[in-house]
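Me: Please take a close look at one part of this protein for me. I would like to know how its helices pack, and then what lies around that part.

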Amino acid sequence: MTTDTAIAWDPYTQAYAADPYPIFQRLREEVPLYYNEQYDFFAVTRFSDIERGLPDWRTFSSAKGGILEIIKSGMELPPGTLIFEDPPAHDIHRKLLSRVFTPKRVLGIEQQVRDFCVRTLDPLIGEKQFDMCKAFTIEFPMRVIGMLLGIPEADQAGIRDAGNDRLRTEEGGQMDLSEGALLSGEVFGEYIDWRREHPSDDLMTELLRAEFTDENGVTRTLTRDEILTYVTVVAGAGNETTGRLIGWAASTLAKFPEARAELVADPSLIPNAIEELLRFEPPGHAIGRYVTTDVEFHGQQVPAGSAILFIVAAANRDPARYPDPNTFDIRRQIGQQLTFGLGGHYCLGAALARLEGRVALEEILKHFPSWDVDWDNANLASTSTVRGWESLPITIG
């Protein structure tokens, strides 16, 4: 049996949050197919197993959700959720969103992104101490999503807070899956109705206008509810994870000041440093799937109907894939990056996250070439989906 009483990993406990990598290493080495009896799920941790499993949507389905609580709940998910769909519906909805969420559109907002960074960081020059999360990382991603969607700045903070509240948990607890709590996009409703009457050059307007052929062969535009779902997914996925990435950049570079000094001296290393940060401290540690048919890992069976977690944070430190994986190396050749997923559900916002990470780190290093973290007062957020800093007080110089 895959359960090992000597190794017990609870995905909801905060006990592992500070440093989950030792338990991930034990799982990877000793129990590469792990079963948790308390919550009734399986988990795999090796790079090769996750590389095999994630693209196989027929065996490992997204239709019941990609988060353990959602999969186990059996809740009905609305159509158009995209990240919680299988082909053919997934392919139709993804193709539609990829038509409006283009690399050109992402690159087109780079100067706006940089302007926001400068506008936010400039007033902090001369400060000896401030909280990087409160001053910058919490605000930044929603501003960028707002630029893409065309949401007025005055409304962005409320939308950000609503999305973050959906993910936040009590310590050791699970997400609120009560009706409407998870994917309610009504916070965008009034704005969508207004934008329908006042079109502009933004992603929201393109979603309102885009024609596509749906899974029933009908050529049409999106319904209001479908647009609400799309926008909620884009805003939620892009907000929480990117903020955590930039927080990890700040904390990791404080631990590795030599790497930080190299980046200050040669900013051309920053894009690869972002890739290494995504590998070394991924904001999302696990991707959940529903098992549709009996499948084997390491000579043991995972029965149809099971929930399984692909623990990408463990695979990112698999020595079979990355030499010396616990070393942070800004010159590492990353190759295949599991942090954004793999296969048909590869993160549609990966290019945006990379742009945000690069521009933010460029501007942080320009403004503050050196800093330390007040570790005694730094706090990790309590969520069951992403891992990152809620508070990260830093001392400049």
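Reply: What follows covers helix packing, then a sheet, then a single loop residue. Keep in mind that this is a predicted model.

Start with helix H12, residues 224-255. Two helices that pack on H12 are described here, H16 and H8.

Take H16 first. This helix spans residues 350-367. The axes of H12 and H16 come within 10 Å and cross at roughly 40°. Angles from 35 to 65 degrees count as neither roughly parallel nor roughly perpendicular, so H12 is oblique to H16. Their crossing is right-handed. On the H12 side, the contact uses Thr242, Leu245, Ile246, Ala249 and Leu253. H16 answers with Ala353, Glu356, Gly357, Ala360, Leu361 and Ile364. By character, eight of these contact residues are nonpolar, two are polar and one is charged.

Now the other partner. Helix H8 covers residues 140-149. H8 and H12 pack at an angle of about 145°, and their axes are 8 Å apart. The H8–H12 crossing is right-handed. From H8 come Phe140, Pro141, Met142, Ile145 and Leu149. They meet Val231, Val234, Ala235, Gly238, Asn239, Thr242, Gly243 and Ile246 of H12. Here the split is nine nonpolar, four polar and no charged residues.

Two residues of H12 deserve a second look. Thr242 and Ile246 take part in the contact with H16, and Thr242 and Ile246 also meet H8.

Next, the sheet. Five strands form an open sheet in the order E1-E2-E10-E7-E3, with mixed pairing. Strand E1 (33-36) and strand E3 (60-61) are the edges, and each pairs on one side only. E3 is joined by two bridges to strand E7, residues 287-291. E3 and E7 run antiparallel. Within this pair, Ser61 stands opposite Tyr290 of E7.

Finally, the loop that leads to E7. Pro282 sits between helix H14 (270-280) and E7. Its relative accessibility is 0%, so Pro282 counts as buried; the cut-off for buried is under 20%. Beyond its neighbours within four places in sequence, Pro282 is in contact with Tyr21, Leu277, Ala313, Asn316 and Thr339. Pro282 and Arg387 are 105 residues apart along the chain, yet their C-alpha atoms are separated by 7.8 Å.

Conventions: Residues numbered from 1 in each chain as written. Predicted model: local features only at pLDDT ≥ 70, side-chain atom pairs only at ≥ 80, totals over all residues. Heavy atoms only, no water. Pairing = 2+ DSSP bridges. Helix = DSSP H or I, 4+ residues; strand = E, 2+ residues; numbered from the N terminus. Axes fitted to C-alpha atoms, helices over the stretch in contact; angles between N-to-C directions. Parallel < 35°, antiparallel > 145°, perpendicular 65-115°, else oblique. Left-handed = near helix turned anticlockwise from the far one by under 90°. Contact = heavy atoms within 4.5 Å. Nonpolar A, V, L, I, M, F, W, Y, C, P; charged D, E, K, R; others polar. Buried < 20%, exposed > 50% of the residue type's maximum accessible area, 1.4 Å probe, protein only.
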